[in-house]
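Hello,

Here is the structure for your project folder. My notes follow below it.

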Amino acid sequence: MDIDISESDLAFEEEVLRNPFKLKGWLRYLDHKRDAPVRTVSVIYERALRSLPGSYKLWHMYLGHRTGQLRGKNPLQFSDEVRKTELCFERALLLLHKMPELWLKYIRFMRVQADVTRTRRVCDRALRALPVTQHARVWRMYLRFAEHVGGHTAHHVYARYLRAWPEESEQLVDYCESHEEWNAMTLALVKVLDNTGFRSSRGTSEYGLWVRLAHVLRVHARDLQGWDVERVMRDGIGRFTDQAGALWAALGEWHAGQGDVERARDVYEEAVTSVRTVRDFALVFDAYAEFEQATVAAELEHDVERGRTGVRTALRLVQLERLLERRAFLASDVELREIPHSVRAWLRRAGLWRARADDSALTDKQRAKALDMERETFAQAVAAIDPRRATEGHVDELWLAYARSCGDDSARRAVLDAAVAAPMASVAELAHVYVAYAEHELARGSVEGALRVLTQATAHAGSTRVDYRDESVAPAQRVFKLQRVWALLVDVYEADGRDSSVRSAYERMIELRIATPQTVVNYARYLEERASFEDSFRAYERGIAEFGYPVAIELWNIYLKRFVDRFGGSKLERTRDLFEQALDGCPSEYAKPVFVAYGQLEETYGLARRALRVYERATRGVANADRLEMYRFYIAKTAELVGVAHTRAVYERGISELGDVGAMQLSAEYAQTELQLGEVDRARALLAYAAQFADPRTDPRVWQQWHDFEVQHGSEDSFKEMLRVKRSVQARATDARHLAEVELSKQPVKSKKPAVDLPTATANPDEVAIDDDDL
């Protein structure tokens, strides 16, 4: 192992001799000799490793150096160098057998050699030497080597690999597919599918694996031996009943590929009548249609060869035509299997038979049979659907469509009688059936039949305290509390002229507490039209007693108007008593229209002073939001009935009772009235009082009114006094705003009421324009 040492090497030789166990010295020496001959570099590596036999870095570099020299060379021609390199790897692994990179480098080196057995043994030794956490790196290289070798070696290696990593079974399937080993691929897929605990690392579902198996069995059936294809396929179909379309299609194609046409057709027929989803049906039906078309095409080619058309061709064409005609019905069957409680699905099924019955190309017998099938479909629907689980509609729609499909009245009555006796999901559905039944009887001119149906619906032998919203009680025991049925019953009685029955029905509705305010009004108007005025008034009073406010006030308004229109002033005291009853207990927010109507009654049939007394009560009895408007109305009526001068007392009382905003607006209006009366000083005093409540920056209307007033009727002194008051009010408002801003951080801000528009002063054509800056 002697080498030639040049003068440039002396320094490095001295360093490694002085510190032979220092790695940096050897690395610098090797870097210096990187362009030296191969033997020289190898000798230096060997010297370094004698001193540092456990250095991973040195061994890694040395082995890289050795393998690099053999790269691209024939291992048979350089067998000695290959053998020496192998020995280097073995020496390195004696101390560094836990280093995965050395094992991988060793495996890569051995793969280049022609000795499969020795390479496999190196891989096995690597798996035994390294910890389990490093096995994945070895297996990747091991499997590439096994796939390259192929044959039994590959299968044995994969068998060992899958014992440790069963979730990677699809790698073996891919390998078999790429090498066209169909028996082995099928066996691998079957083993995976038989393993109930298998979880694919690729996220492939069990159904996806079954589809892959079905594809292999279908396409490569002739290459498979010893497999019962139909049994395997049906096993998958039994497991995936909701996704069996692809498997059924594969089974049918397999039989067709085997030349068993009739068996393939039987499979397709079984498939289209057993799949449970529309998606599977579309898949199977398309495959079935393609199969029939291919069969027809094959027969036509055979006929061309023979020179004549055979019976089999005509039969195949008829079969294809009937298959296409059955598509809608087969799809409907699938839809009903998928959603058996769908009302719309059953209606579509019956519609198919109705469309067939309307087909003019069919014979009378065929159309009659289609109508019978439509009625049979409805019978199956109402028997199959659970009313509480019904989707896309309600059961009552089916019953009514069933009745419409019947050809004669007796059959329709039988269906409707069964409908009202059948269970329903809600009382509204049962009421709908009763109403439709009654309307059917009325359309046939049978009033007695309609009354029989409605009487049956409204009759109840038990307690009347049943709540029609109580779902725990059967709909048949709650339908009598539904206002819709009673309203139709009243209309039938009224149209037939049965006065006593109409009254009894209305009274019964009120007793059952199912009457609405409109029902009370209708009852009262019905009695009024028959000149039973007192009974009509009693109906209003019963309705008012039943309903609280705010509904009662609407009934009072109608009642009072009807009473006044009927008697006018002939029963004035009784009318006054009614108004007093209406106001007694009436909330203030609803009292305004009653007070106004009461006052108008007194104006028309009573005394003016009584009317004003009513309006005065109204200013106290209405809601606070309506008091200002009510005062304005009272003032207008006072001016109309007893003169403008008498409005002063009303204004003064209103100013004293209303809040700041109301007092400000009423004072401004009072000033306008005084100005009309020629009382300029009183008007000025009222404006000065109103201005105290108005901030000039936020509510300038009162100030503008005062300004216009002074311009028309004031003097220089009075105008200056107005400006002084304005500055005083503005300063006070500024202080108040400042205090309010301080309080904003402590409590929420209350919304400010909207201001009410005030009447403006009348323009004076002789006024002189005076600017504030001129004063």
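Which helices are included in what covers the buried residues of H30? The cover includes helix H28 (551–567), helix H29 (572–583), helix H31 (608–621) and helix H32 (624–642).

Some ground rules. This is a predicted model, in which local features need pLDDT of at least 70, side-chain atom pairs count only at pLDDT 80 or more, and totals for chains, interfaces and linings use all residues. Residues are numbered from 1 along each chain as its sequence is written, and side-chain values use heavy atoms, with hydrogens and water left out.

**Confidence**

pLDDT is the predictor's confidence in each residue, from 0 to 100. The protein chain has a mean pLDDT of 81, with 93% of its residues at 70 or more. By element, helix H7 (residues 116–129) has the highest mean, 90, and helix H37 (residues 716–744) the lowest, 72. Across residues 749–775 the pLDDT is below 50; this stretch still has 34 contacts in the model beyond near neighbours in sequence. Contact means heavy atoms within 4.5 Å. Where pLDDT is low, do not read the predicted coordinates in detail.

**H30 and H31**

Helices (H or I, at least four residues) are DSSP runs, numbered from the N terminus. Helix H30 covers residues 592–605. Its 14 residues reach 20 Å from first C-alpha to last, close to the 20 Å expected at 1.5 Å a residue. The expected span is 1.5 Å times one less than the number of residues. Buried in H30 are Val594, Phe595, Val596, Tyr598, Gly599, Leu601 and Glu602. The cut-offs are under 20% relative accessible area for buried, over 50% for exposed, and partly exposed in between (1.4 Å probe, protein chains only).

H31 also has 14 residues, and its end C-alpha atoms are 20 Å apart, which agrees with the 20 Å expected. Its buried residues are Ala611, Leu612, Val614, Tyr615, Ala618 and Thr619. Seen down the axis, they fall within an arc of 155°, so they line one face of H31. That arc is taken from the directions from the helix axis to the C-beta atoms. The buried residues of H31 pack against H30, H32 and helix H33 (647–657).

**Cores**

A nonpolar core is a set of buried Ala, Val, Leu, Ile, Met, Phe, Trp, Tyr and Cys residues joined through side-chain atoms within 4.5 Å. The largest has 123 residues; Leu398, Trp399, Val485, Tyr559 and Trp706 touch the most other members. A second, separate core of 96 residues includes Leu30, Leu193, Ala249 and Tyr288.

Best wishes

Note on methods. Helix = DSSP H or I, 4+ residues; strand = E, 2+ residues; numbered from the N terminus.
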